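The exercises below ask for careful reading of one model, and each is followed by a solution that proceeds step by step. Please try each task on the structure before turning to its solution.

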Amino acid sequence: SDVYKRQGEYLASFCKYYYLRIKIKRSHMDLLEITRKQDPLYPAFEQVYATSFPLFEQRTEQQQEQAFQSPNYHLEVYLKDNLFIGFISYWDFSTYVYIEHFAIHENFRGQGYGSLLLEDFNKRLNKIILLEIDPIMDEVSANRLKFYKKCGFFENSYDHLHPPYRNTYQGHALIILTTERPITEDEYIQFCSDLRNIVMANFKE
């Protein structure tokens with residue numbers, strides 16, 4: 001698409017003003033943090049986001065703006081040779097990090113980038129990482145669980161219901177995965193509180 005082809009031109013002009021730049025030497029990728037919708041790479045992020053998640057798991061534009069206002073929220077994108085590889089949006093709390101969305105551009109899936117991004121993310125943040133995946137219903141969801149387990153995640157047994165992103169949908173059941181170890185019941189209760197009161201604070205159910 002035209003948006004995808006224009007990324008390099010935008011990046012050269014604007015990255016020093018809008019982004020936190022970190023070199024990942026092993027993979028020769030750039031890690032950039034988007035802090036507002038006006039950032040030059042936001043359209044590329046939005047394209048990958050919209051094609052990687054069903055509508056009921058996506059923030060609206062207004063909700064995304066609200067997330068940017070939170071000091072806990074971060075949206076990091078990875079580029080290689082000025083091409084958009086993938087992104088991780090996450091919430092940083094005192095004892096853990098919650099990955100809300102994580103996706104690789106469809107042109108780069110199946111090439112090891114997903115595990116590479118998670119490895120880098122885990123090393124940099126050095127906290128328990130928590131994320132959610134769909135229940136195991138078919139081969140695709142089963143392979144997703146295998147992928148995260150290979151990346152060092154543990155499956156948690158809590159009956160977890162994620163609040164709805166949009167008031168036309170119901171909450172949806174998800175499996176909680178964490179690095180280092182399964183979390184305790186008290187830690188799960190804390191996550192649920194953070195999820196409802198901070199991550200989803202401005203959402204109508």
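A residue is called buried when its relative accessible area is under 20%, exposed when it is over 50%, and partly exposed in between, with a 1.4 Å probe and protein chains only. The model is predicted, so that local features need pLDDT of at least 70 and side-chain atom pairs count only at pLDDT 80 or more, while totals for chains, interfaces and linings use all residues. Residues are numbered from 1 along each chain as its sequence is written, and side-chain values use heavy atoms, with hydrogens and water left out.

**Exercise 1. Backbone angles**

Determine the sign of phi at N82 and at E180, and place both residues in the chain.

Solution. Begin with N82, whose phi is near 65°, a positive value in a residue other than glycine. Helices (H or I, at least four residues) and strands (E, at least two) are DSSP runs, numbered from the N terminus, and on this basis N82 lies in the loop between β3 (73–80) and β4. Because its relative accessible area is 34%, N82 is partly exposed. Then turn to E180, which is not a glycine either and has a positive phi of about 75°; E180 is found in the loop between β9 and α7 (185–199).

**Exercise 2. Charged pairs**

Find how many salt bridges the structure holds, and describe the pairs of D39 with R36, K127 with D92 and R124 with D120.

Solution. Side chains of opposite charge can pair when their charged atoms come close. With a salt bridge taken as a side-chain nitrogen of Lys or Arg within 4 Å of a carboxyl oxygen of Asp or Glu, the structure holds 10 salt bridges.

In the first pair to examine, the closest N and O atoms of D39 and R36 are 3.6 Å apart. D39 counts as buried, at 1% relative accessibility, whereas R36, at 33%, counts as partly exposed.

Next, K127 and D92 meet in a salt bridge with an N to O distance of 2.7 Å. This pair links distant parts of the chain, with K127 in the loop between α5 (113–125) and β6 (128–133) and D92 in strand β4 (residues 83–92), 35 residues apart. K127 is partly exposed at 22% relative accessibility, and D92 is partly exposed at 26%.

Finally, R124 and D120 form a salt bridge whose closest N and O atoms are 2.9 Å apart. Because R124 and D120 are 4 residues apart in helix α5, about one helical turn separates them. R124, at 29%, is partly exposed, while D120, at 14%, is buried. Extending the search around this pair shows that salt bridges link E76, D120 and R124 in a network.

**Exercise 3. Aromatic pairs**

Count the aromatic pairs in the whole structure, and compare where the partners lie in the pairs Y42 with F45 and F56 with Y169.

Solution. Rings of Phe, Tyr and Trp (its six-membered ring) pair if their centres lie within 6.5 Å, and planes under 30 degrees apart count as stacked, over 60 as edge-to-face and the rest as tilted. A search of the whole structure by this rule finds 17 aromatic pairs. The ring centres of Y42 and F45 are 5.3 Å apart with their planes at 55°, so the pair is tilted. Y42 and F45 stand 3 residues apart in helix α3, and therefore about one helical turn separates them; both Y42 and F45 are buried.

The pair of F56 and Y169 is also tilted, at 5.9 Å centre to centre and 40° between the planes. F56 lies in the loop between α3 and α4 (61–68) and Y169 in the loop between β8 (160–162) and β9, so this pair ties together parts that are 113 residues apart in sequence. F56 is partly exposed at 29% relative accessibility, and Y169 is partly exposed at 31%.

As a last step, follow the ring pairs onward from Y42 and F45: they link Y42, F45, Y49, F53, F68, Y73, F87 and W91 into a cluster.

**Exercise 4. Cysteines**

State how many disulfides the structure holds, and assign C151 and C192 to an accessibility class.

Solution. Taking a disulfide as a pair of cysteine sulfur atoms within 2.5 Å, the structure holds 0 disulfides. C151 counts as partly exposed at 24% relative accessibility, and C192 counts as partly exposed at 22%.
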